[in-house]
Amino acid sequence: MPWDAPAAAAVAPVAAGGGGGGAAVPDAKLGSFLQELDATEKADSVWTNVTQIDRLTKPGSKYLNLNPYEVLQIEPGMDPAAQKKHVRKLQFLVHPDRNRDSPELSKKAFEAVGEAKRMLEDEDKMSFINKVLDEAKEKTKFMVAEKRGQARKSGEKKILEDSPSAYIALYKKNSKMLFAEYAKRKETLENEQAEAKTKNEAAKAEAFAKRKRDSDEKEKWESGMGGRIDGWRDFKKPKKKKKGSAGLGFLKPPKLKTEKRDTTSKR
């Protein structure tokens, strides 16, 4: 993101007392770091389709692109007319029709620009984004103050964050980390909610299936009730004995025949 002098002043306070954030850095190492940092800034600020598509799709862009100011390469409070012209130029550079040799990456970059533009128009989202950026500023100030204190104790004079470019780089790093942290929290919460919803739907489905089984069993029981009642009545109804049936007659003793005596016999 091309930081101009006013923007740098808003984020990076002037170093006081020659102190610095973190361990002191030798002049040669500091100079080398700042040269590399400036080269990176200049590369990102080059307005060609290749450099801008690469900037918007490189590793880590998922969280970098949560900051619309970073995506669109604009400053907060930028003149609306200038901002509109700036965004249109960026959209033109990364448009898939102008980058047929890299359709997937250009599409991803173009979508990132469109999403950042929509963020700027959403008051609720911008309120959250500005709060994250304010938090990043405060975090950067705190980190640099701690580093300066450590440097003073060791008798060192310079640290990386004495340079506005290095200070801004730390601020941008903190911004990215905060956006990533909030995004991951949101993803975790959404996953937990989706899991809870799935479990709830599964429980509802099981409860419905149980009610269906109970209803089917009840209906089956009631449909067979008439047959069971008739069977019970038939069971309790006394059965008529059939004539001529042997029954228990085979246990009856035989009938005794009366013996007749002959009275005319001689005595």
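## Accessibility classes and the model

Buried means under 20% relative accessible area and exposed means over 50%, with partly exposed in between. Lys141, at 41% relative accessibility, therefore counts as partly exposed. The structure discussed here is a predicted model.

## Nonpolar core

The largest nonpolar core has 22 residues. Those that touch the most other members are Leu56, Val71, Leu72, Val94, Val113, Ile129 and Leu133. At least two core residues come from each of helix H3 (49-57), helix H5 (68-72), helix H6 (80-94), helix H7 (103-120), helix H8 (123-153) and helix H9 (164-223). H8 provides the largest share, five residues. In soluble globular proteins, nonpolar side chains tend to be buried together.

Val113 can be followed through its contacts. With neighbours within four places in sequence left aside, Val113 is in contact with Leu56, Val71, Leu72, Val87, Leu90, Gln91 and Val94. Among these partners, Leu56, Val71, Leu72 and Val94 also belong to the group of core residues that touch the most other members.

## Gln91 and His86 in helix H6

Gln91 is placed in helix H6. Its relative accessibility is 18%, so Gln91 counts as buried because the cut-off is under 20%. Apart from neighbours within four places in sequence, Gln91 is in contact with Phe110, Val113 and Lys117. Gln91 and Val113 are 22 residues apart along the chain, and their C-alpha atoms are separated by 6.7 Å.

His86 also lies in helix H6. At 17% relative accessibility, His86 counts as buried. A polar atom of the His86 side chain lies 2.9 Å from the backbone oxygen of Gln73. Not counting residues up to four places away in sequence, His86 touches Trp47, Leu72, Gln73, Ile74 and Met78. Gln73 thus appears both in the polar pair and in the list of residues touched by His86. Leu72 is touched by His86 and is also in contact with Val113.

## Salt bridges within helices

Nine salt bridges are found in a search of the whole structure. Side chains of opposite charge can pair when their charged atoms come close.

In helix H8, Glu138 and Lys141 are three residues apart, about one turn of the helix. Their side chains meet in a salt bridge, at 3.9 Å from N to O. Lys141 is the partly exposed residue named at the start, at 41% relative accessibility.

Helix H9 holds Arg185 and Glu181, four residues apart, about one turn of the helix. These two form a salt bridge in which the closest N and O atoms are 2.5 Å apart. Glu181 is partly exposed, its relative accessible area being 34%. Elsewhere, Glu115, Arg118 and Lys125 are joined into one network by salt bridges that share partners.

## A salt bridge between helix H8 and a loop

Arg148 and Asp162 meet through their side chains in a salt bridge, at 3.7 Å from N to O. This pair links distant parts of the chain: Arg148 is in helix H8, Asp162 is in the loop between H8 and H9, and the two are 14 residues apart.

Which side of this pair is buried, and which is partly exposed? Arg148 is buried, with a relative accessible area of 12%, whereas Asp162 counts as partly exposed at 23% relative accessibility. The assignments follow because buried means under 20%.

Definitions and conventions. Residues are numbered from 1 along each chain as its sequence is written. This is a predicted model: local features need pLDDT of at least 70, side-chain atom pairs count only at pLDDT 80 or more; totals for chains, interfaces and linings use all residues. Side-chain values use heavy atoms; hydrogens and water are left out. A nonpolar core is a set of buried Ala, Val, Leu, Ile, Met, Phe, Trp, Tyr and Cys residues joined through side-chain atoms within 4.5 Å. Buried means under 20% relative accessible area, exposed over 50%, partly exposed in between (1.4 Å probe, protein chains only). Contact means heavy atoms within 4.5 Å. A salt bridge is a side-chain nitrogen of Lys or Arg within 4 Å of a carboxyl oxygen of Asp or Glu. A polar contact is a pair of N or O atoms within 3.5 Å; within protein, one must be able to donate a hydrogen and the other to accept it, and residues adjacent in sequence count only if both atoms are side-chain atoms.
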